[in-house]
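Thank you all for making the time this morning. I would like to go through one protein chain with you, slowly, and I will ask a few questions along the way.

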Amino acid sequence: METKRRKVQYLVTFYVSLGFVTLGMSSAWPTPVLVKLLNKETKVTITEGEVSWMLAMNPPGFIVGSFASRFLCDGMGRRPNILISAVPIAIGTIIVLTATSACWLYVSTFMWSCGTGIVCTVANIYLAEIVDKDIRGTTGVCTRFAFNFGNLIVIAIGPFISYEVLNGIMCVPLILYFVLSWRIPESPFYYMKEGKVDSARRAIIALRGHVDPSACEEELNSIQSQVKKEMSRSSTAWELFSGRRYRRAIIIAAGLKLTQIISGGVAIKQYFGTIMKEAHRGKDQEQEQGRIVFILFGAVIFIVGIMSSALVDRLGRRPLLIWSYVGTGLSLVIVGVYFFVINVVLTNGHYIAPGFVYIPLIGILLSNIISTMGFNSLVSVIPAEIFPLNIRLVAMASLNIFGGILGFSLAKGYQLVKDLGGLHTVFWIFSVVSFVGAVFSYFLIPETKGKDLAEIQKELQGSCYEVDEVKIDKGVTNDGTELVELKPKDVEAK
């Protein structure tokens, strides 16, 4: 019965997740394409230096998209913002289809990342606002699962098809995403914030399948009460960073983002080929084997993503965070020990038994499996739950900008640390950050499983959540009378 009632919520989640399939494909696109570009298998002429510049366009594009979505989403709504996100992705894909020089690939990478910034800012906010509280974690993790699926498609088929065919395939999920997203409803929280009570009521009926008018009105009144409280305060960046009530949420979100990125998952994936080559002491004959292993690696991560979506609303966010950080840290310690042994202890070409060369592969595979089941899937879910409505968008945009800066720093710092301290130092730094993430989660992360958004705010803000009621001209009435638009008051944060 519950599943039938939630049919629309699951369908909307599926439609939005198609955007993450597209993002996953564009994220993994360099993995098979770089080999084709450098081997001159395409019509694009590019050097290794130009490749590094192409990849460096990702963080700036992500930051621009995140910044733009902060204003678009509040001014136009969640649904239009989701539709708009397809535009820069489509522009990037069209450019890739027609590009003949490296500079056009710079532009396409920037546009893809811009679309990624928009989607990542708004999608999890939207899903957190429209779904029932006891499936909020599952639907949020579905976006990560979809991203991994997009990764898998490109990693699995990219090495075996032409550059042009691969680029054409990337258009399919993008078109489906844009067409199907026309069918999604606007968030009732956004309608209530704008004072459109009748529209909010229709959205609730569509999303919940309510046939009992009293149940619909009960939820509508609950949303109204929450919106009134949270929109009584300013929606500016100054409000976010100066307000005492938001400090715990900021620390939680920033800490999760920092430990997720600096634990090295993205960098390990990008440099996987060179890491495995060094594990085999640079033997070229292992490269083909490494490519097959990487395909299997992508498939395993995809399957684990399915498991994580089932676990997050059963086991809870906090236990998954703690144990996934611990497991990832232990796996990376083992990889670091292996590279320390072959690069520092066993010098002068000492023999390594054939079975031992698979230690880094197993360690990396385990770290990615464990992190996918835990913090890599939850790092986008929890921030969308812990910020109140008035600053939710500016908080998510700021968090994504912070993540873009960290990603850029990691991309540039990886090679520097490797050159100075060796690959073992890189992995030990990643492992230390993972253990720090476990300690951070144990002491600072609250459990949000099964709680509605208002209950989470009461726990995080404490007495600060009891603010003065917003003064409005009218209340919710059964005949659908519209509320006066709920604009935040620029009051000083307590």
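Let us begin with helix α14, which covers residues 213–230, and please keep in mind that what you see is a predicted model. How far apart should the ends of this helix be, at 1.5 Å a residue? For its 18 residues the expected span is 26 Å, and because the end C-alpha atoms are indeed 26 Å apart, the expectation and the model agree.

Which residues of α14 are buried? They include Cys216, Leu220, Ile223 and Val227, but Glu217, Glu219, Gln224 and Lys228 are also among them, so to speak, on the buried list. The buried residues of α14 pack against four other helices, namely α12 (188–193), α13 (197–208), α24 (392–421) and α26 (453–461).

Let me step back to the chain as a whole. It has 26 helices and zero strands, and of its 494 residues, 54% count as buried. If we take the contacts between residues at least 6 apart in sequence, 84% of them join residues at least 24 apart. The accessible surface comes to about 20,700 Å², and carbon and sulfur atoms account for 67% of that area.

Now to the interior, with one general point beforehand: in soluble globular proteins, nonpolar side chains tend to be buried together. In this model the largest nonpolar core has 50 residues, and those touching the most other members are Val16, Phe20, Trp29, Leu105, Tyr126 and Tyr163. Helix α8, residues 102–130, supplies the largest share of this core, with 11 residues. A second, separate core holds 38 residues, including Ile204, Ile223, Phe387 and Leu399, and you may recall Ile223 from the buried residues of α14.

What does tryptophan 29 touch, once we leave aside its neighbours within four places in sequence? Its contacts include Met54, Val96, Leu105, Trp112 and Tyr163, and also Asn167 and Met170.

I will finish with threonine 259, which lies in helix α16, residues 247–262. Is this residue buried or exposed? Its relative accessible area is 4%, and because buried means under 20%, threonine 259 counts as buried. Its side chain makes a polar contact of 2.6 Å with the side chain of tyrosine 325, while a polar atom of that threonine side chain lies 3.2 Å from the backbone oxygen of leucine 256. Beyond its neighbours within four places in sequence, threonine 259 is in contact with Tyr325, Val433 and Gly437.

Conventions
Residues are numbered from 1 along each chain as its sequence is written. This is a predicted model: local features need pLDDT of at least 70, side-chain atom pairs count only at pLDDT 80 or more; totals for chains, interfaces and linings use all residues. Side-chain values use heavy atoms; hydrogens and water are left out. Helices (H or I, at least four residues) and strands (E, at least two) are DSSP runs, numbered from the N terminus. The expected span of a helix is 1.5 Å times one less than its number of residues. Buried means under 20% relative accessible area, exposed over 50%, partly exposed in between (1.4 Å probe, protein chains only). Contact means heavy atoms within 4.5 Å. A nonpolar core is a set of buried Ala, Val, Leu, Ile, Met, Phe, Trp, Tyr and Cys residues joined through side-chain atoms within 4.5 Å. Accessible areas come from the Shrake-Rupley method with a 1.4 Å probe; for residues, only the protein chains shown count as cover. A polar contact is a pair of N or O atoms within 3.5 Å; within protein, one must be able to donate a hydrogen and the other to accept it, and residues adjacent in sequence count only if both atoms are side-chain atoms.
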